[in-house]
Amino acid sequence: MSKFDPSNWFHELKWNGGNLLLWGSVGFGLTVGALAICYWKLRPAKRVPAVIFDFDQCLMKIHMWATFRNTSLKQIQFPEEYFGDPEFLRWLIPALHDKGVKVAVATFGRQEVVLEAMRTLFGQDQTFFGTHNVSTPKDFGVPEGSSMGSKNNQLQALSKKFSIPLKDILFFDDDSHNIEEAKKIGVQAQEAMPLTRTIWEDVGEPWTRKMLRQPLRFPE
């Protein structure tokens, strides 16, 4: 019968305890990793939001309808100074598109004027704006150039077309009445006359941080 050796017993205890601690740590790490993978797979998907812009005195610096009304499109020019902030817009619209954010225009003016302005701004082959996402009164059987009281019918129609809740829409307009009416139906709305990078910093960046989990910031 072997004699009990306290030093050997203590050594065995240290060794087995170390192994237990080691494997316990490995197991804990694997568990945490598995939980993290499950979280990223099962977490709610990022919402697909939309930004909707007014045209006259919002994307544009001037009021195109008041200036040109029914002038032939061939006679209308779109110089840089007509746009609110062309450099900023050339960054913002593609940046929103790249993040999967829907964009649209809601105007009381003429659709063909909006589209020609966008072709001037982004190039003749631009695909950011088309007849599908430039809403005018003619979509509701009303002549273009007519006020419909507010932009709410247009906002609701675009919300339905995009399958995006009204609460996930950010709307910019130069008319405070349109802004207040849009808020009544749950749209986040901001007066912009015209839309500038400063307004975007104050409103757009926090909104994209909430909707996209990261702010969309104009590069300095």
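1. A residue is called buried here if its relative accessible area is under 20%, and by that cut-off 42% of the 220 residues of the protein chain count as buried. The model is a predicted one, and the points below should be read with that in mind.

2. On the overall make-up, the protein chain has eight helices and five strands, and in sequence order these elements follow the pattern α-β-α-α-α-β-α-β-α-β-α-β-α. Among contacts in the protein chain with a separation of 6 or more, 65% are accounted for by residues 24 or more positions apart. The accessible surface of the protein chain comes to about 12600 Å², and carbon and sulfur atoms hold 57% of that surface.

3. Strand β4, which spans residues 169-173, deserves a careful look, because five of its five residues are buried and the strand is therefore largely enclosed by the rest of the structure. In a regular strand the side chains alternate between the two faces of the sheet. For β4 both faces are covered, with I169, F171 and D173 buried on one side and L170 and F172 buried on the other.

4. Which strands pair with β4? Strand β1 (residues 50-53) pairs with β4 in the parallel sense over four bridges, and within this pairing F53 stands opposite F172 in β4. Strand β5 (residues 188-191) also runs parallel to β4 and is joined to it by four bridges, with E191 in β5 as the bridge partner of D173. F172 and D173 thus each have a named partner, F53 in β1 for F172 and E191 in β5 for D173, while both F172 and D173 are buried, on opposite sides of β4.

5. A separate point concerns enclosed space: the count comes to one cavity of 30 Å³ or more, and about 60 Å³ of space lies in the largest cavity. Its lining is made up of F55, D56, M64, W65, F68, R69, I76, T107, G109, R110, V113 and V114. The elements that give two or more residues to this lining are α2 (55-59), α3 (64-68) and α5 (111-122), and of the contributors α3 gives the most, with three residues.

6. What is the character of the residues that line the largest cavity? They divide into seven nonpolar, two polar and three charged residues, and the lining includes, for example, the residues F55, W65 and F68 as well as D56, R69 and R110.

Conventions
Residues are numbered from 1 along each chain as its sequence is written. This is a predicted model: local features need pLDDT of at least 70, side-chain atom pairs count only at pLDDT 80 or more; totals for chains, interfaces and linings use all residues. Side-chain values use heavy atoms; hydrogens and water are left out. Buried means under 20% relative accessible area, exposed over 50%, partly exposed in between (1.4 Å probe, protein chains only). Contact means heavy atoms within 4.5 Å. Accessible areas come from the Shrake-Rupley method with a 1.4 Å probe; for residues, only the protein chains shown count as cover. On a 1 Å grid over the protein atoms alone, a cavity is a set of points where a 1.4 Å probe fits but cannot get out, and a pocket is an open set with protein on both sides within 12 Å along at least five of seven lines; lining residues have an atom within 4 Å of a point. Grid points are joined across faces, edges and corners, and a volume is the space filled by probe spheres set on the points. Ala, Val, Leu, Ile, Met, Phe, Trp, Tyr, Cys and Pro count as nonpolar, Asp, Glu, Lys and Arg as charged, and the others, Gly among them, as polar. Two strands pair if DSSP finds at least two bridges between them.
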